[in-house]
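User: Could you take me through one part of this protein in detail? I'd like a close look at the largest pocket and at how the helices around it pack.

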Amino acid sequence: MSVLFPLLGVIGAGLAWQRFSPGGVSAGDLRRHLNALMLYLLVPALVFHVMVQAPLDRQLLAVVSGGWITIGFSGLLAWGLHVLLARYSSLSRATRGALILAAIFGNGLGAALPLVHQLYAGRQDEVALGFDLLATIPVSWTLGVYIAIRFGREGASSTSPFRQILSLPPIWAVTLALTLNALDLQPPPVIMETLEGLSQAALPLMLLTLGLALDFRPHAAWRWMVIPILIRLLGGLLLGVLFGLLVGLPAEEHRAFIWVCAAPPIMMGILFCDRFGLDTSAFALTMSGGVLVYLLVLPLLISMLPL
């Protein structure tokens, strides 16, 4: 548990920035600039540095396959949530759509990766990166966009999800890294050392950005937000345990896989809510509650597993 204290401290710094806005820079402005820095420089460097050296073996394939299965399982539970909300709640379609998105997609990069990196000294980074880049991002930009359009304003975007996926620099980085890895072509040491330096800057900034995005303002739908949080936490935990046992993941990789499966709602969901007219405040509060539960409850649950 003590390993989590530095991570909580960085997230707390983001929350403190929301409160005090040092230098007159608002949390929203700072988050937008940091997101751009990470999207176009730091995260691609991190992705390339890890994936160009990652062993392309059965275990990586299992992690990616497990990612797709986890998202599919979460999607089924989220459909049950949709039926429940439509029948027993008076929530608007925009709010229901936001809660469904929060239930399906986990924050593998922004929440799980820094934690997995800290717990396992970087040895299992490819678990979080493979899960997020090869499962979460493709599905979130297809199924996620479809859900957002269905529950939000139709026609809010004229750009196809496929083109949006291809426009993401981390996708370019993972494609190039896996290609060079498969061809057994390693970049020169000076390039790898530069990428390593950029990678080390990415992880704390992910946590700081997460702290800047947390929003605990009350919302009328707060009682229903417990359900997507539990889907992410307990559904991900259960599937992570069972899938890892089924395919025979080694103990450390199995634990890292569980951390990623149970990750709290994806921060990109805020972008989807803004762009497609869903209830952004409902998603933000659900994500914020999910982050707290993830950091405070999941470590205790994982510590009790006989892995």
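Analyst: Happy to! One definition helps before we start: Ala, Val, Leu, Ile, Met, Phe, Trp, Tyr, Cys and Pro count as nonpolar, Asp, Glu, Lys and Arg as charged, and the others, Gly among them, as polar. Please also keep in mind that this is a predicted model.

With those classes, the lining of the largest pocket divides into 22 nonpolar, nine polar and seven charged residues. The space inside the largest pocket comes to about 1,100 Å³. In total, 38 residues line the pocket, and those nearest its centre are Arg31, Asn35, Met267, Met268 and Leu271.

Which helices build that wall? At least two lining residues come from each of α2 (27-51), α5, α6, α9 (189-213), α12 (268-276) and α13 (280-296). Of these, α2 gives the largest share, with 10 residues.

Let's now follow some of the lining helices to their packing partners, beginning with α12 and α13. Their axes come within 9 Å and cross at roughly 170°, so α12 and α13 run roughly antiparallel to each other. On the α12 side the contact is made by Gly269, Ile270, Cys273 and Asp274, which meet Thr280, Phe283 and Met287 of α13. By class, that contact holds four nonpolar, two polar and one charged residue.

Next comes α5, another contributor to the lining. Helix α5 (residues 108-120) packs against helix α11 (residues 251-261) at an angle of about 155°, and the axes are 9 Å apart. That angle makes the two helices roughly antiparallel, because angles over 145 degrees are counted that way. The crossing of α5 with α11 is right-handed. From α5, the residues Gly108, Ala112, Leu115, Val116, Leu119 and Tyr120 touch Glu252, Arg255, Ala256, Trp259 and Val260 in α11. Eight nonpolar, one polar and two charged residues make up this contact.

Finally, α6 also supplies part of the lining, and its partner here is α3. The axes of helix α3 (residues 58-88) and helix α6 (residues 125-151) come within 8 Å and cross at roughly 30°. The pair is therefore roughly parallel, and α3 passes α6 in a right-handed crossing. Among the α3 residues in this contact are Leu60, Val63, Trp68, Ile71, Trp79 and His82, while α6 brings residues including Glu126, Phe131, Leu134, Pro138, Arg150 and Phe151. By class, the contact of α3 with α6 has 13 nonpolar, six polar and two charged residues.

To pull this together, α5, α6, α12 and α13 are among the helices that help line the pocket. Of their pairings described here, α12 with α13 is roughly antiparallel, α5 with α11 is roughly antiparallel, and α3 with α6 is roughly parallel.

Terms used
Residues numbered from 1 in each chain as written. Predicted model: local features only at pLDDT ≥ 70, side-chain atom pairs only at ≥ 80, totals over all residues. Heavy atoms only, no water. Axes fitted to C-alpha atoms, helices over the stretch in contact; angles between N-to-C directions. Helix = DSSP H or I, 4+ residues; strand = E, 2+ residues; numbered from the N terminus. Parallel < 35°, antiparallel > 145°, perpendicular 65-115°, else oblique. Left-handed = near helix turned anticlockwise from the far one by under 90°. Contact = heavy atoms within 4.5 Å. 1 Å grid on protein atoms, 1.4 Å probe; cavity = no way out; pocket = protein on both sides within 12 Å on 5 of 7 lines; lining within 4 Å. Points joined across faces, edges and corners; volume = space filled by probe spheres on them.
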